[in-house]
Amino acid sequence: MTREQYFIYPRDKSGKRTGHTICVLIKDGKIFHGTALCSGTDQFSRKVGRELATERALQAFENHVEKMLDLV
């Protein structure tokens, strides 16, 4: 079984968290991504970051599907 969803939590050069979550989806052999970025005043939450990033990656996939259907 292969994974279709990955999460990345970038860090800066000193190794500190950036408050950035990236969701990578692999669907139909194509890669889609969504991101979530905390502001300086937000409390970092992996759960919230994952939810937002996943929602945005799924929206990118849906936009792709709609665009392909418009071409038919």
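Select K27 and F61 in this predicted model. The charged end of K27 sits over the ring of F61, and the distance to the ring centre is 5.8 Å. Keep F61 on screen and add F32. These two rings form an edge-to-face aromatic pair, with 5.3 Å between the centres and 80° between the planes. F32 belongs to strand β3 and F61 to helix α1, so the pair ties together parts that are 29 residues apart in sequence. Both F32 and F61 are buried.

**The other ring pair**

The structure holds 2 aromatic pairs. For the other, select Y9 and F44: the arrangement is edge-to-face, at 6.4 Å centre to centre and 80° between the planes. Y9 is in the loop between β1 (5-8) and β2 (20-27), while F44 is in the loop between β3 (30-37) and α1 (46-71), so this pair ties together parts that are 35 residues apart in sequence. Now add R46. Its charged end sits over the ring of Y9, 4.2 Å from the ring centre.

**T21 and the strand pairing**

Next, select T21, in strand β2. The residue is buried, with a relative accessible area of 1%. Show its surroundings, leaving out residues up to four places away in sequence: T21 touches F7, I8, Y9, G34, T35, A36, F44, G49, R50 and A53. Both rings of the pair just visited, Y9 and F44, are in that list.

Across from T21, in β3, stands A36. Show the backbone of both strands here: β2 and β3 run antiparallel and are joined by 8 bridges.

**The turn**

Follow β2 to its turn into β3. The two strands form a hairpin with 2 residues between them. Select D28, in the loop between β2 and β3. Which sign does the phi of D28 have? It is positive, at about 50°, although D28 is not a glycine. For context, most residues other than glycine have a negative phi. D28 is exposed, with a relative accessible area of 69%.

**R50 on the helix**

Move to R50 in helix α1. At 35% relative accessibility, R50 is partly exposed. Apart from residues up to four places away in sequence, R50 touches F7, Y9 and T21. Measure from R50 to A36, the residue opposite T21: the C-alpha atoms of R50 and A36 are 7.7 Å apart, with their positions 14 residues apart in sequence.

**T54 and its polar partners**

Stay on helix α1 and select T54. T54 counts as buried, at 17% relative accessibility. Two polar partners can be displayed here. The backbone oxygen of R50 is 2.7 Å from a polar atom of the T54 side chain. The side chain of T54 also makes a polar contact with the side chain of Q5, at 3.1 Å. With neighbours within four places in sequence set aside, T54 is in contact with Q5, F7 and C23.

**C23 and C38**

From T54, step across to C23, which is in strand β2. C23 is buried, with a relative accessible area of 0%. Outside its neighbours within four places in sequence, C23 is in contact with Q5, Y6, F7, F32, H33, G34, A53, T54 and A57. That list includes F32, the β3 member of the ring pair with F61. Then pick R56: its C-alpha lies 8.3 Å from that of C23, and the two residues are 33 apart in sequence.

Finally, add C38. How far is the sulfur of C38 from the closest cysteine sulfur? The distance to the sulfur of C23 is 15 Å, too far for a bond. A disulfide is a covalent bond between the sulfur atoms of two cysteines, and the cut-off used for calling one is 2.5 Å. A search of the whole structure finds 0 disulfides. C23 is in no disulfide, its nearest cysteine sulfur being that of C38. The two cysteines can be coloured by exposure: C23 is buried, whereas C38 is partly exposed, with a relative accessible area of 24%.

Technical notes. Residues numbered from 1 in each chain as written. Predicted model: local features only at pLDDT ≥ 70, side-chain atom pairs only at ≥ 80, totals over all residues. Heavy atoms only, no water. Phe/Tyr/Trp six-rings, centres within 6.5 Å; stacked < 30°, edge-to-face > 60°. Helix = DSSP H or I, 4+ residues; strand = E, 2+ residues; numbered from the N terminus. Buried < 20%, exposed > 50% of the residue type's maximum accessible area, 1.4 Å probe, protein only. Lys NZ or Arg CZ within 6 Å of the ring centre and 35° of its normal. Polar contact = N/O pair within 3.5 Å; in protein donor to acceptor, adjacent residues only side chain to side chain. Contact = heavy atoms within 4.5 Å. Pairing = 2+ DSSP bridges.
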